[in-house]
Amino acid sequence: MNTNTDLKQLWNTQTSEVPSINELFKKASKLRNFTRYKLLIVNIMLAVTLAGLTIMAFHSHTMSSTASIGITLTVLAIVAYLYASNEIIKLLFKSDFDSSNSEYLRNLIQLKHKQEFLQKTITTFSFICLSVGVFLYMYDEAVQRGLEYSLIAYGLTGAWIAFNWFYTRPRTIKKQLTNLTEIIQKLETVNAQFAETK
């Protein structure tokens, strides 16, 4: 039997009430395009930020050692995130519906693993470097302005970091992985049904 049998035909011949394979592929395509667009926008914003930090570091001759370490950690965080997200972008541009269904499923599973790595490992590393970098960069200015200013500046910055870490980040990760996992599970069901008919 031909192993490249079109799974779309098999799926559409089922009698049970399940979403059509075309709807599933449309949903996968929409998710892929949204993820690609979002990562491109984030990468552009991070690249502009990186350029600004680099220019600021090279033109500031009076920068203290704590501020220099802070900028270095911030740059490291951005570069690590850019590298990992560009690996995902390559995969998003590589995978398309012209490939076989099983190959597309493998691409989606690979995308899920790369997203999990980006969102858990790289984001954690970047977030820690970025937070420490911002606090170190702020140190000299906060010390010069006094205790009250320092408490307000570090309090507001810490609150913003905590909000993003404990509220925004988990919600974003859960939403992205839930959508991708749902599509993968449905495609795995199609592949399993196809294997049973062989």
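**Core and burial in a predicted all-residue model**

Among the 28 residues of the largest nonpolar core, those that touch the most other members are Leu39, Leu108, Leu111, Leu118, Ile183 and Leu187. The model is predicted, so that local features need pLDDT of at least 70 and side-chain atom pairs count only at pLDDT 80 or more, while totals for chains, interfaces and linings use all residues. Residues are numbered from 1 along each chain as its sequence is written, and side-chain values use heavy atoms, with hydrogens and water left out.

User: What makes a set of residues a nonpolar core?
Analyst: The term denotes buried Ala, Val, Leu, Ile, Met, Phe, Trp, Tyr and Cys residues joined through side-chain atoms within 4.5 Å.

User: Which element gives the largest share of this core?
Analyst: Helix 2 does, with 9 residues; helices here are DSSP runs of H or I with at least four residues, numbered from the N terminus.

User: Why is Ser29 called buried?
Analyst: Ser29, which lies in helix 2 (residues 21-59), has a relative accessible area of 17%, and buried means under 20% (1.4 Å probe, protein chains only), so Ser29 is buried.

User: What is Leu111 in contact with, leaving aside its neighbours within four places in sequence?
Analyst: Leu111 is in contact with Ile88, Leu91, Leu92 and Leu180, where contact means heavy atoms within 4.5 Å.

User: How many helices and strands does the protein chain have?
Analyst: The protein chain has 5 helices and 0 strands, and buried residues make up 36% of its 198 residues.

Notes. Helix = DSSP H or I, 4+ residues; strand = E, 2+ residues; numbered from the N terminus. Buried < 20%, exposed > 50% of the residue type's maximum accessible area, 1.4 Å probe, protein only.
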